[in-house]
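Biologist: Please show the model, so that its ligand shell, sheet and helix packing can be discussed in turn.

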Amino acid sequence: MSTEVVHPDEVESYWAAVRGTDLEGAAAVAEAVYRRTSSVEAVLQGLVVESQQRVGSLWAHGEWTVADEHAATAINEVVAHRIGLHVPGPQTGPLLLVSCVEREWHALPALVVTLVMRARGWRTELLGANTSRDELVDRILDQGPRAVLLSASLASSLPRTRRQVEAVRGTGTPVVVGGRAFDAAGRRAERIGASAHATGPAEAAARLDALPHHVPPAPPLRDAAAREAADLQARTGDVVRRVMLVTFATLDLPPEEHAPDLWSGVLAGFLPHVVDGVVGALVTDDPTVVAETRSWLVEVLGARLADPRALDALWGALEHELRDYPEVTRLLASA
Ligand code: B12
């Protein structure tokens with residue numbers, strides 16, 4: 001079902017309600033669109049996903065605070081759950097386990113995928129945000145799903161996604177990955193050993209039929225980039241602390257807590273994501289991961305009138321701290 005069935009005036013009324021933190025108003029528009037279209041997918045893709053894009057862009061441009069973003073996301077989550085109740089889904093038949101990667105708090109993408117797959121006739125179970133490898137494997141062994149659908153929104157989640165893919169494939173179960181951590185062509189997904197990649201639920205549905213019922217373990221990653229990734233991963237906490245100290249000293253900023261909506265708070269909060277993103281680039285051997293992180297920083301720091309030296313200070317500190325890693329040096333220089 002395409003999003004075209006949702007009319008522009010419905011999109012705007014829904015957005016006005018989300019923007020005004022009017023849960024009942026948003027739910028009423030969603031219910032009206034569902035009554036007209038009988039399509040859970042149209043409501044989710046056309047209203048919920050569409051409005052989350054606007055939420056992300058308002059925050060990135062510094063027009064919304066983190067609290068505004070949370071309030072709007074909470075409304076979209078409740079609306080998605082309510083709309084999902086229209087399609088209870090089958091109680092028997094092959095099962096899809098849907099889960100976020102460990103330390104992924106972006107729960108809504110996995111919820112949308114679950115509800116759309118259910119509306120398409122699949123029996124689904126959602127494990128939700130931040131699911132550990134052990135929890136996921138336990139559930140696979142209990143339930144014997146047809147496949148696991150793993151969601152990752154953060155490039156910094158790519159290393160943990162690789163570990164989760166290894167764990168799932170270790171049980172012989174196929175694993176389909178998706179979310180904003182991946183490139184549309186599926187290169188990163190292929191490199192970390194996923195059985196398939198899909199850009200959305202419709203594509204996932206198409207991929208599922210072609211998947212084998214039993215898959216072999218993921219082949220190990222043995223090249224120089226993967227070796228550096230393993231080494232760096234063991235000390236990312238240290239790297240983050242040191243890069244933060246040097247960056248803040250270069251910019252003459254006090255080392256204490258910075259409010260999350262100020263540029264210095266965004267920089268401090270984002271640093272673990274930058275370092276884990278470097279590991280993600282190594283694991284996937286994809287320099288565009290680092291380039292994307294860098295352009296995102298340019299955008300959000302620029303929108304918050306940051307010290308113009310901020311990005312170079314951070315990049316310089318990172319390059320210096322990681323100078324003994326030739327593959328990292330190559331990636332950082334090409335970003
Ligand atoms: C809301 C939000 C948050 C909320 C999440 C709360 C919640 N309960 O979900 C909070 C405030 C916690 C948050 C935190 C962070 N966030 Co955030 N967040 C967003 C935002 C605005 C919306 C996410 C969302 O709900 N999207 C709606 C869903 C439904 O859309 P979707 O991702 O497009 O999903 C579709 C497809 O990707 C696909 N899909 C998704 N998963 C799967 C899985 C499978 C198997 C398949 C087949 C398909 C599939 O199908 C979905 C439906 O069509 C996005 C920006 C955006 N526009 O999406 C940033 C975004 C995801 N966040 C981002 C970042 C960087 C962060 C932080 C690191 C920021 C920080 N400084 O701390 C933290 C990290 C927290 C963590 N460890 O998880 C970046 C990630 C960039 C990247 N790729 O690395 C984004 C993209 C913003 C940006 N433009 O840079 N965030």
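**Ligand shell, sheet and helices**

Biologist: Which residues come nearest to the ligand?

Modeller: The ligand has 41 residues around it, where a residue counts as near if its C-beta atom, placed from the backbone, lies within 6 Å. This is a predicted model, in which local features need pLDDT of at least 70, side-chain atom pairs count only at pLDDT 80 or more, and totals for chains, interfaces and linings use all residues. Residues are numbered from 1 along each chain as its sequence is written. Those that come nearest are Gly 56, Pro 109, Ser 151, Gly 178 and Gly 179.

Biologist: Which element gives the most to the shell around the ligand?

Modeller: Helices (H or I, at least four residues) and strands (E, at least two) are DSSP runs, numbered from the N terminus. Elements that each supply at least two residues of the shell include α4 (66-84), α5 (108-119), β4 (175-178) and α9 (201-210). The one that gives the most, with 7 residues, is α3.

Biologist: How do the residues of the shell around the ligand divide by class?

Modeller: Ala, Val, Leu, Ile, Met, Phe, Trp, Tyr, Cys and Pro count as nonpolar, Asp, Glu, Lys and Arg as charged, and the others, Gly among them, as polar. On that basis the shell divides into 23 nonpolar, 14 polar and 4 charged.

Biologist: Which strands stand at the edges of the sheet?

Modeller: The open sheet of 5 strands has parallel pairing and the order β2-β1-β3-β4-β5; two strands pair if DSSP finds at least two bridges between them. An edge strand has a single partner strand, so one side of it is left without a neighbour in the sheet. The edge strands are β2 (123-128) and β5 (196-197).

Biologist: What is the bridge partner of Val 98 in β2?

Modeller: Strand β1 (residues 95-100) pairs with β2 in the parallel sense over 5 bridges. Across from Val 98, the partner in β2 is Leu 126.

Biologist: Are α12 and α15 roughly parallel or roughly perpendicular to each other?

Modeller: Axes are lines fitted to C-alpha atoms, for helices over the stretch in contact, and angles run from 0 to 180 degrees between N-to-C directions. Helix α12 (residues 263-284) packs with helix α15 (residues 326-334) at an angle of about 105 degrees, their axes being 10 Å apart. Angles under 35 degrees count as roughly parallel, over 145 as roughly antiparallel, 65 to 115 as roughly perpendicular and the rest as oblique. The two helices, α12 and α15, are therefore roughly perpendicular.
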